[in-house]
Amino acid sequence: MRTDLHRHPVNPLTAVRNLGILAHVDAGKTTVTERILYLSGATHKRGEVHDGTTVTDFDSQERDRGITIFAAAVSCDWDAHRINLIDTPGHVDFSDEVTRSLRVLDGAVAVFDAVAGVEPQSEAVWRQADRYGVPRIAFVNKLDRAGADLDSAVASIRERLHPAPLAVQLPIGTEDGFTGVVDLLRMRSLVWADGGDAAVEGPVPDALRDEAKRRRRLLEEAVAELHPLALEEFCAGSTLSADTLASALRDLTRSGDGVVVLCGSAYRNRGIEPLLDAVVAYLPSPLDVPAARGTWDGTEQERAADPAAPLAALAFKVEATAMGRLTFLRLYSGTIRTGETVWNANADRTERVGRVLRVQAGRHTRLDRAVAGDIVAVIGPKATRAGSTLCAAGAPLVLEPPTVTDPVVSAAVEACAGTDTDRLASALARLVEEDPSLVVRTDSETGQTTLSGMGELHLEVAVEKVRRAHGLDVRVGRPKVAYRETVVRGVGGLVYRHVKQDGGAGQFAHVVLDVEPLDGEDPGATGFAFRSAVVGGRVPQEYVRAVEAGCRDALAEGPLGGHPVTGLRVVLTDGATHAKDSSEMAFRAAGRFALREALRASTMALLEPVADVTVTVPVDAVGGVLGDLAVRRGRVSGSATRGGTAVITATVPLAELFGYATRLRGRTRGRGVFTARPAGYAPAPGPASRTAPAR
């Protein structure tokens, strides 16, 4: 099944697969990627995470820490198909890297641990894939581990992710005795010898024949329930052919109504060839997904996946390398060539493409051109950022950019040497350019620079990158979380009159506002809503929009401690204008000052970010861990025991998790681990107040 990469230098769009590898940290995602590259002939040696020899974890920090931090793009060839693959991070702090990748992918392989099943971050990335409508197949990895159970993993997929999991394989052997799988579509066995690369095909083992028939029947029934054409054949003949099953599984995968489940052990090189066959058979090509949609001048436009159509490409990653500034692109339509000039629709300027590169993680191959359906990198564009659209100047449009999550943790950073202050500012600016989920702010009064990100590890990695890449010695303050303020009890009928006369045309705006909590009495609700209840045209529509803009301006700083305000609804109930002095600027100022005054008059509460935490510890350490979680204001939501291990789930304020990993290792003698993912905001301790707390 292995093919030579150079035999297929150009693939038609039907033979292209753009996919990502998604998983919780330590589920074996990078090892799966390495085995795909090895078995497809793209590499000639198996890379190992523990040896620091993987292709995709090429950054020095990734090798030092043993985890994937940055999304890495690679390409390989399988069965005459070009596979463009992105290995994504599994740690929650780098979830925005996953989001940017999912925005440009046509499909994904979700990797699950056969012992743990669906873990917190696997659930989070699954929801991200749902948001972008990315079809997925599942690979249950590590079937050679003690306690591995395919059925339990499939049950957790059904219960926690809510698709219809369709297992197409049956393991041969259990735990350390796992040697292969039964292919339920072709009713054959695939067995891998120790140290062997290729599977040996044979008949279904006698000991598994009855179980294989039973599972094949269950698969047919499940597919018939979901697929109309399969149901017709099943009703007519009480069975489904292998071809009908394969066709129905492809349709169900691409529609999202079903998820094909395969299994194996990537570390032992078992189950990867069938996984690659499933990628080709079930995941969509660029022609099978809806045409890319964008807007220009307020009108929506579509671009089909056609190399001859006008260019439309989305930048999803920017990276500084020794070769220069790499901009990673997904081409949705058209062709991009070395040396040509393209239009940056977001920056409203032209950009020159100096080089087009096929990326193999840290290595690059020059191309003359790239066409629709390709994922490549280019050198040359200066103003392009993650989320920018590059297009043909004669057919401009803006594609929807990936979403960027607001940072939740901040830390003060400063250069140890005063002479390095400007160099640090330049390094941080480049850092933010590469990673939009990082935010740098400088206090105008104190001059202190604050770096904000998605978690403690995110900030550690960012600061270490500054140290290594720029040779700067940097001091970092203790991390702080991003608080919010919200309305507990609002005010009604607040009147504000904005009058300003400095000679010449003046400013006049009169508004009346009601302010209330957004979601009834829920103090943890987030967001902002605005509506107008003005009747009789007393405030023209263009001034209503200006009032809303002014209210949004006022949300930047609340009265308690200058934190952003969220979770409120503002209603414009009345107002008045002046024939000469009213303007959009005047009403925007009125909206801003009126809401500030209304917030000072309202009962406000402080919100703090919280995280859903899963702690895995030995049973004999449960008591101490529960006590420690209580001290950290954690609310335990459940616990379960698997063998001699306890799994505790809780919701804990993010501020209380700083340093928790070290504390947990100490309490459990190094045997405890935990994972956390953001769970929104909750009221901070203490009563609702109008008095600003200490910052």
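A search of the whole structure, a predicted model, turns up 45 salt bridges. They sit in a chain carrying 81 positive and 88 negative side chains, with the centres of the two sets 3 Å apart.

One of these bridges pairs Asp-176 with Arg-268, whose closest N and O atoms are 2.5 Å apart. The two partners are 92 residues apart and both occupy loops: Asp-176 between strands S7 and S8, Arg-268 between strand S11 and helix H9. Asp-176 is exposed, at 54% relative accessible area, while Arg-268 is partly exposed at 26%.

A second pair, Arg-186 and Asp-243, has its closest N and O atoms 3.6 Å apart. Arg-186 belongs to the loop between S8 and S9 and Asp-243 to helix H8, so this bridge ties together parts 57 residues apart in sequence. Here Arg-186 is partly exposed, with 45% relative accessibility, and Asp-243 is exposed, with 56%.

Two helices meet through Arg-663 and Asp-628, which form a salt bridge with closest N and O atoms 3.8 Å apart. Because Arg-663 lies in H15 and Asp-628 in H14, the pair links parts that are 35 residues apart in sequence. Arg-663 is partly exposed at 41%, whereas Asp-628 is buried, with a relative accessible area of 5%. Elsewhere, bridges with shared partners connect Glu-123, Arg-127, Asp-130, Arg-136, Arg-160 and Arg-677 into one network.

As for the overall fold, the chain has 15 helices and 39 strands. Its radius of gyration is 28 Å, close to the 26 Å given by the globule rule for 695 residues, so the chain is as compact as a globular protein of that length. Of those residues, 54% count as buried.

Technical notes: Residues numbered from 1 in each chain as written. Predicted model: local features only at pLDDT ≥ 70, side-chain atom pairs only at ≥ 80, totals over all residues. Heavy atoms only, no water. Helix = DSSP H or I, 4+ residues; strand = E, 2+ residues; numbered from the N terminus. Rg over C-alpha atoms; globule rule 2.2 N^0.38 Å. Buried < 20%, exposed > 50% of the residue type's maximum accessible area, 1.4 Å probe, protein only. Lys, Arg positive; Asp, Glu negative; His and termini not counted. Charge placed at Lys NZ, Arg CZ, Asp CG, Glu CD. Salt bridge = Lys/Arg side-chain N within 4 Å of Asp/Glu carboxyl O.
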